[in-house]
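User: I have a structure to go through. Can you take some questions on it?

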Amino acid sequence: MSTSLEGKVAIVTGGGRGIGKAITKRLAEAGANVVIASRKLENLEATAQEYSSLPGKIAPVVCHVGRADDLEKLVGETEKLFGPADILVNNSATNIGQGPSLDVTDEMFAKMFEVNVVSALRLIRLTVPKMIERGTGGSIINIASIAGLRPQPGGLLYSATKATLIMMTRNWAMEFGKHNVRVNVIAPGLIETDFSEYFWKNENYVKKLEATQPIPRIGTPDEIGGMALYLASSESSFVTGQVFVVDGGATAL
Ligand SMILES: NC(=O)c1ccc[n+]([C@@H]2O[C@H](COP(=O)([O-])OP(=O)(O)OC[C@H]3O[C@@H](n4cnc5c(N)ncnc54)[C@H](OP(=O)(O)O)[C@@H]3O)[C@@H](O)[C@H]2O)c1
């Protein structure tokens, strides 16, 4: 058992910033070659450049995860650059439609599921059959949220997509376990990134968090990176279908 990922190939969606960037760093430090994918090339290139001295190589690929043809291109590019994926991190997400549930439209529902859920379904379809065929196993890491475990005020769609990802993870794990393809999900609490600034820039929200959360502070992206490294590596070889809550104890209450 070790946390070495030497010789492994990883895809991290949303790997150019925030939590995805921290995961990318951990995987490349451990020796994996990592393809990072999202819509904006600048973030991806900046991250690849910043971590260019790490043992694993990092390559950017522009990809809108809500588009099936982009996902096909992403997997094709990965195979050309580094070979078939051993590790897939479904991290990209969006959050439109935050607000009263009666304002949620069919279009918002469709877009939220396309980006946050269907992307993972498609990427798993594009990568897992090859992991099974090669017989070398694999690790899928889905990034959900504690909002997928309990409702979030104004977050009907966000919570629904993350809860769906959690249940799909357990189903995938059940099916793929015999092929040594493990599927787990991380459910972060509040982590300081662009995505969550609405919460951590709100003084009252932060004060309440500091007064109630067992570890009374906002988390850092690297605190999710460490969990992802564990799940990607052979240290977690007997672990599948699990939800790893990394939230400073927020949901322990
Ligand atoms: N921060 C938190 O407090 C928190 C808590 C729980 C869960 N999470 C989850 O953690 C994950 C990462 O979020 P983060 O906090 O690191 O946010 P972030 O810094 O805003 O990163 C979001 C990433 O998703 C990518 N992305 C968004 N829409 C995309 C699309 N249509 N196609 C491809 N990539 C797309 C973005 O890249 P581009 O803009 O370049 O496309 C960006 O790299 C998400 O799944 C989020 O739900 C975050």
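The questions and answers below concern a predicted model.

User: In what order do the seven strands form the open sheet, and which strands stand at the edges?
Analyst: The seven strands pair in parallel, in the order 3-2-1-4-5-6-7. From one strand to the next, the twist averages 20°. An edge strand has a single partner, so one side of it is left without a neighbour in the sheet. The strands in that position are strand 3 and strand 7 (243-246).

User: How many bridges join strand 1 to strand 2, and what is the bridge partner of Ile11 there?
Analyst: Strand 1 runs parallel to strand 2. Five bridges join the two. Within strand 2, Ile11 has as its bridge partner Val35.

User: How many bridges join strand 1 to strand 4, and which residue of strand 4 is the bridge partner of Val12?
Analyst: Strand 1 spans residues 9-13 and strand 4 spans residues 87-90. They run parallel, joined by three bridges. The partner of Val12 is Val89.

User: What angle does the direction of helix 1 make with that of strand 1?
Analyst: Helix 1 packs on the sheet. Its contacts include strand 1, strand 5 (138-143) and strand 6 (181-188). The angle between the directions of helix 1 and strand 1 is about 170°.

User: Are the faces of strand 1 covered or open, and how many of its residues are buried?
Analyst: One side of strand 1 holds Val9, Ile11 and Thr13, and the other holds Ala10 and Val12. Every one of these is buried, which means both faces are covered. The count of buried residues is five of five.

User: Which residues of helix 2 are buried, and what arc do they cover?
Analyst: Helix 2 covers residues 41-50, and Leu44, Thr47 and Ala48 are its buried residues. Residues three or four places apart in an α-helix point the same way, because there are 3.6 residues a turn. Here the buried residues sit on the same side of helix 2, because they cover an arc of only 100°.

User: What do the buried residues of helix 2 pack against, and which exposed residues does the face turned away carry?
Analyst: The buried residues pack against helix 1 (18-29), strand 2 (33-38) and strand 3 (58-62). The opposite face is turned away from that buried side. Its exposed residues are Glu42 and Gln49.

User: Where is Tyr51, and is it buried, exposed or partly exposed?
Analyst: Tyr51 sits in the loop between helix 2 and strand 3. Beyond its sequence neighbours within four places, it is in contact with Thr24, Lys25, Ala28 and Ile58. Buried would take 20 or more C-beta neighbours. Tyr51 has 19 inside 10 Å, so it counts as partly exposed.

User: What is the phi of Asn180?
Analyst: Asn180 lies in the loop between helix 5 (156-176) and strand 6. It has 15 other C-beta atoms within 10 Å, so it is partly exposed. Most residues other than glycine have a negative phi. Asn180 is not glycine, yet its phi is positive, near 65°.

User: Which residues come nearest to the ligand, what classes make up the shell, and which helix gives the most to it?
Analyst: There are 29 residues around the ligand, and Gly14, Gly18, Ser38, Ala93 and Phe195 come nearest. By class, the shell has ten nonpolar, 15 polar and four charged residues. The most, three residues, come from helix 1.

Methods
Residues are numbered from 1 along each chain as its sequence is written. This is a predicted model: local features need pLDDT of at least 70, side-chain atom pairs count only at pLDDT 80 or more; totals for chains, interfaces and linings use all residues. A residue is buried if 20 or more other C-beta atoms lie within 10 Å of its own, exposed if 12 or fewer, and partly exposed in between; C-beta atoms are placed from the backbone. Helices (H or I, at least four residues) and strands (E, at least two) are DSSP runs, numbered from the N terminus. The arc is that of the directions from the helix axis to the C-beta atoms. Two residues are in contact if their C-beta atoms, placed from the backbone, lie within 7 Å. A residue is near a molecule or strand if its C-beta atom, placed from the backbone, lies within 6 Å of it. Ala, Val, Leu, Ile, Met, Phe, Trp, Tyr, Cys and Pro count as nonpolar, Asp, Glu, Lys and Arg as charged, and the others, Gly among them, as polar. Two strands pair if DSSP finds at least two bridges between them. Axes are lines fitted to C-alpha atoms, for helices over the stretch in contact, and angles run from 0 to 180 degrees between N-to-C directions.
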